[in-house]
Amino acid sequence: MKAVLCESYGPPENLVVRDIESLIPARDEVIIQVKASGLNFPDTLIIEGKYQFQPEMPFSPGGEVAGIVKSVGQDVTHLKEGDRVMAGTGWGGFAEEVRGKASNVFLIPDSISFVQCAATMMTFGTSYHALVNRAELKAGETLMVLGASGGVGTAAIQIGKALGAKVIAAASTGEKLNYCRSLGADLTINYSKEDLKKQAKVLTDGKGVDVIYDPIGDKFTEPALRAISWKGRYLVVGFAAGDIPKIPLNLPLLKGCSIVGVFWGGFFRNEPEVNAKNFKTIVKWLEEGTVVAKVHKEYALENVAKAMNELTSKKVMGKIVFVP
């Protein structure tokens, strides 16, 4: 089978496409024939040795896929050869075959395309876990989403609306904010032109934001945290803007707020039953059209470097998906 391989840490241009042996499942695994795989920011980190998990080399990046079950391990009872599925894999997805832990592989109906599902797994899994399990976002509360036009951001906007929240989308251009409004955002902040803290306070009539969803970090975190409400919840999702910020701990003390870590990769490994329950809701919402995974562009695996560079250029709105 064909696979994108990382054989040494470095930029996307170091990745190669090679023919390798087909995969054999372990007892609790399934092998999936990949029909589509989603590109996410962690994929750009894992190939440079900067991610929380570091697989043994050579490895394929790619943490979310959709496809058809090719074979199943001995202990797998809820899946069979030929099933249409989507899966969170951590890595390995930029290939024609991938192995998935059976507890994180979910059946998908015929009505949802492989591309749509491949663009859903990590972004909607992360955002649902963040907003429901970690923040316990309630109807009527205000949610502010930073980096709102990206993959997890667009998922957070839609999930926030589905949960009955008022959503403020924060992004760097008017084009991105118009895109966020098309997904249901009620209010917007252009943080390249507007003071993030002041504008968030204005939009909440001085109360502050109940829940802040932050996948970008860097210089945006502290002003956003200063705009949080009493007993607000600040969700630390990632650091796509660059540096990991250092937070003055007097802020959560004075605000009575919580700073809450969100790591979906650790969550689905440690709490597979809760993750499976989450995805029942996500798949139901996809079927109903309550949420839609917005696809920016489709690429062939051979164009992996071009796709990754486009993602890190911060011009992508929605998700990039590879179709082998």
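This is a short selection-by-selection tour of a predicted model, from its nonpolar cores to a run of strands and helices.

**Stop 1: the cores.** Begin by selecting M86, L131, L143, V145, I157, Y213 and L235; within the largest nonpolar core, which has 51 residues, these touch the most other members. Next, colour helix 3, residues 121–134, which supplies the largest share of this core with six residues. Now centre on M86 and show its surroundings: leaving aside residues up to four places away in sequence, M86 touches V65, A66, N104, V105, F106, I108, C117, M121, F279 and V283. Then look for a second, separate core of 19 residues, with I189, L196, A224 and L225 among them.

**Stop 2: strands 8 and 9.** Return to L143 and find V167 of strand 9 standing opposite. Strand 8 (residues 142–146) runs parallel to strand 9, and five bridges pair them. Add helix 4 to the view, and you have a right-handed β-α-β unit made of strand 8, helix 4 and strand 9. Five of the six residues in strand 9 are buried.

**Stop 3: on to strand 10.** Select A169 and T188 of strand 10, which face each other. Strands 9 and 10 are also paired in the parallel sense, over four bridges. Follow the chain from strand 9 through helix 5 to strand 10 for a right-handed β-α-β crossover.

**Stop 4: helix 5.** Which residues of helix 5 (residues 174–182) are buried? Pick K176, L177, Y179 and C180. They lie on the same side of the helix because their arc around the axis is only 155°. Their cover includes helix 4 (151–162), strand 9 (166–171) and strand 10 (187–190). Turn to the face away from the buried side for exposed E175 and S182. Finish at G184, which follows helix 5 and has a positive phi near 120°.

Note on methods:
Residues are numbered from 1 along each chain as its sequence is written. This is a predicted model: local features need pLDDT of at least 70, side-chain atom pairs count only at pLDDT 80 or more; totals for chains, interfaces and linings use all residues. Side-chain values use heavy atoms; hydrogens and water are left out. A nonpolar core is a set of buried Ala, Val, Leu, Ile, Met, Phe, Trp, Tyr and Cys residues joined through side-chain atoms within 4.5 Å. Buried means under 20% relative accessible area, exposed over 50%, partly exposed in between (1.4 Å probe, protein chains only). Helices (H or I, at least four residues) and strands (E, at least two) are DSSP runs, numbered from the N terminus. Contact means heavy atoms within 4.5 Å. The arc is that of the directions from the helix axis to the C-beta atoms. Two strands pair if DSSP finds at least two bridges between them. A crossover is right-handed if, with the strands pointing away from the viewer, the path from the first strand over the helix to the second runs clockwise.
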